Structures are given as C-alpha cells and as structure tokens.
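Subject: The model, with notes

Hi,

Here is the structure I promised to pass on to you. Please open it alongside this message, and my notes will follow below.

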Amino acid sequence: WVYSVAISKDGRYALSGSADKTLRYWDLRTGETIKVLKGHNDWVYSVAISKDGRYALSGSADKTLRYWDLKRGKTIKVLKGHSKGVNSVTISRDGRYALSGSADKTLRYWDLKSGKTIKVLKGHSKGINSVTISRDGRYALSGSDDKTVRYWNLKTGKTIKILKGHIKTIPSVAISPDGKYALSGSGDNTVRYWDLRYETLKFIE
C-alpha cells in the first residue's frame, strides 16, 4: 500500500510513503525513482515536502518522524516522542517547524533544526488522523477519531475552538490560504466547510 503522496512546489518531483517501510522520491517527468529513502522500521503513513523542495518529513507506525535531505536521500533527524504510530505530518511554510498527529491522541509541534518537541498539544480523546498548519504558521487544525476538529494556537499549544458536527472519524482537514476557513472530510460521507471566525459551517455532501 502507498499511504501518502506529496508533490514539490515546482511540480517536478513527488514523494510517496508505503507499507514497505520506505519513501520513494520520484522524477515526475520520467516517472523514475530518484532515491529510495530507508530508515523506518514500520509502515510509513504520511509524507511532506518542504516549500524549497530540499527536505522531506515522514511519519510512521514505528512512532517516529524522520526529517530527510532529499538530494542525499539521508535522514537528518529522527524525531521521537509519540507513544503510538504517527498518522499525519506537515511542515511549516518557512521550513523551520513541523506538526505531527498520532494514534496516542496528541499533536506534537517540532523544531526541525534541533529535532526537539516545542509543544505537546492535548485535547482529543482518540487518535489523530490529519493535521495542517495555517499559511502564517500561527495556527493548526487537526481531525480525529473522536469525531471532532480542533483549531489550535501553536504558540500556546492551546485549543482555540472545537468544531463539532461530524458523526464519524475525520481523516482529512485543510485550512484556506487566508486562514479564515477550514474544510474537513469524514467517514460519515460529508465534507464540512467551517468559518473559523464564527464556528459556522456549510455541508458539502
């Protein structure tokens, strides 16, 4: 199984994460593998590429994140702290920080230079399936098996809003470029479009 894919900002390269415990870095013009990135010892659930295209991040069932140099195909840092599998990862637009969501019910906000956790974000009552960081790097969104979406302040590590309405697990979330709106997709077969300023929503079924 290929669990996660990402495309570089210039559209020339792609990254995939698989149940075979590897990541593959691809040339989209030729369809050929450039590098096979090895290091995880369990399934790779989530991958992300930095805005400058030089680095990647992966989250695995082995409870770790790995920060990669794509040109060299080597691990720069192994980020440890989660007690269960890492289901979702993302990199901030400035490339300095990362966010991860885990089956251990927490999010972790990381400093990629040091590989250390800055904040542990707690509040969900079940595992977290999807995370994203706002364009300005100040806020985050998470979707969980507890059927809620949480909107977070990354500086404080505190929940700003709990967005309720879905009746099944939430495997996907996104924030609009202006940071005013959010989108969530659920196992209840609906997409919800949220106004983060007022907690109002529209259904897309």
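Below are some notes on the whole chain, followed by a handful of residues.

First, the ground rules. This is a predicted model, in which local features need pLDDT of at least 70 and side-chain atom pairs count only at pLDDT 80 or more, while totals for chains, interfaces and linings use all residues. Residues are numbered from 1 along each chain as its sequence is written, and side-chain values use heavy atoms, with hydrogens and water left out.

The whole chain

The protein has 20 strands and 0 helices. Here strands (E, at least two residues) and helices (H or I, at least four) are DSSP runs, numbered from the N terminus. The C-alpha trace spans about 45 × 35 × 30 Å along its principal axes. The radius of gyration is 16 Å, which agrees with the value near 17 Å for a compact globule of 205 residues; the radius is taken over C-alpha atoms, and the globule rule is 2.2 Å times the number of residues to the power 0.38.

Of the 205 residues, 50% count as buried. Buried means under 20% relative accessible area, exposed over 50%, and partly exposed in between (1.4 Å probe, protein chains only). About 10500 Å² of the protein is exposed, and carbon and sulfur atoms supply 48% of that area; the areas come from the Shrake-Rupley method with a 1.4 Å probe, and for residues only the protein chains shown count as cover.

As for contacts, meaning heavy atoms within 4.5 Å, 33% of those between residues at least 6 apart in sequence join residues at least 24 apart. The charges come to 39 positive and 19 negative side chains, with the centres of the two sets 5 Å apart. Lys and Arg count as positive and Asp and Glu as negative, without His and the chain ends, and each charge is placed at NZ of Lys, CZ of Arg, CG of Asp or CD of Glu.

Around strand 9

Ser 46 sits in strand 5 (residues 44–49). Its relative accessible area is 7%, so Ser 46 is buried. A polar atom of the Ser 46 side chain lies 3.0 Å from the backbone nitrogen of Val 89. Beyond its neighbours within four places in sequence, the contacts of Ser 46 include Ser 4, Leu 57, Asn 87 and Val 89.

Thr 90 belongs to strand 9 and is buried too, at a relative accessible area of 15%. With residues up to four places away set aside, Thr 90 touches Ala 48, Leu 57, Tyr 97, Ala 98, Leu 99, Val 131, Thr 132 and Ile 133. The C-alpha atom of Thr 90 is 21 Å from that of Ser 125, which is 35 residues away along the chain.

Ser 92 is in the loop between strand 9 (86–91) and strand 10 (97–102). This loop residue is buried because its relative accessibility is 5%. Outside the residues up to four places away, Ser 92 touches Tyr 97 and Ile 133.

Asn 129 and Gly 143

Asn 129 is in strand 13 (residues 128–133) and is buried, with a relative accessible area of 19%. Its side chain makes a polar contact of 2.8 Å with the side chain of Asp 145. (A polar contact is a pair of N or O atoms within 3.5 Å; within protein, one must be able to donate a hydrogen and the other to accept it, and residues adjacent in sequence count only if both atoms are side-chain atoms.) Asn 129 and Pro 171 are 42 residues apart in sequence, yet their C-alpha atoms are 5.0 Å apart.

Gly 143, in strand 14 (residues 139–144), has 0% relative accessibility and so counts as buried. Among the residues Gly 143 touches, leaving out those up to four places away, are Ile 128, Asn 129, Ile 170 and Val 173.

Two lysines in loops

Most residues other than glycine have a negative phi. Lys 21 has a positive phi of about 80°, and Lys 63 also has a positive phi, near 80°. Lys 21 is in the loop between strand 2 (13–18) and strand 3 (22–27), and Lys 63 is in the loop between strand 6 (55–60) and strand 7 (64–69). Lys 21 counts as partly exposed at 38% relative accessibility, as does Lys 63 at 40%.

Best wishes
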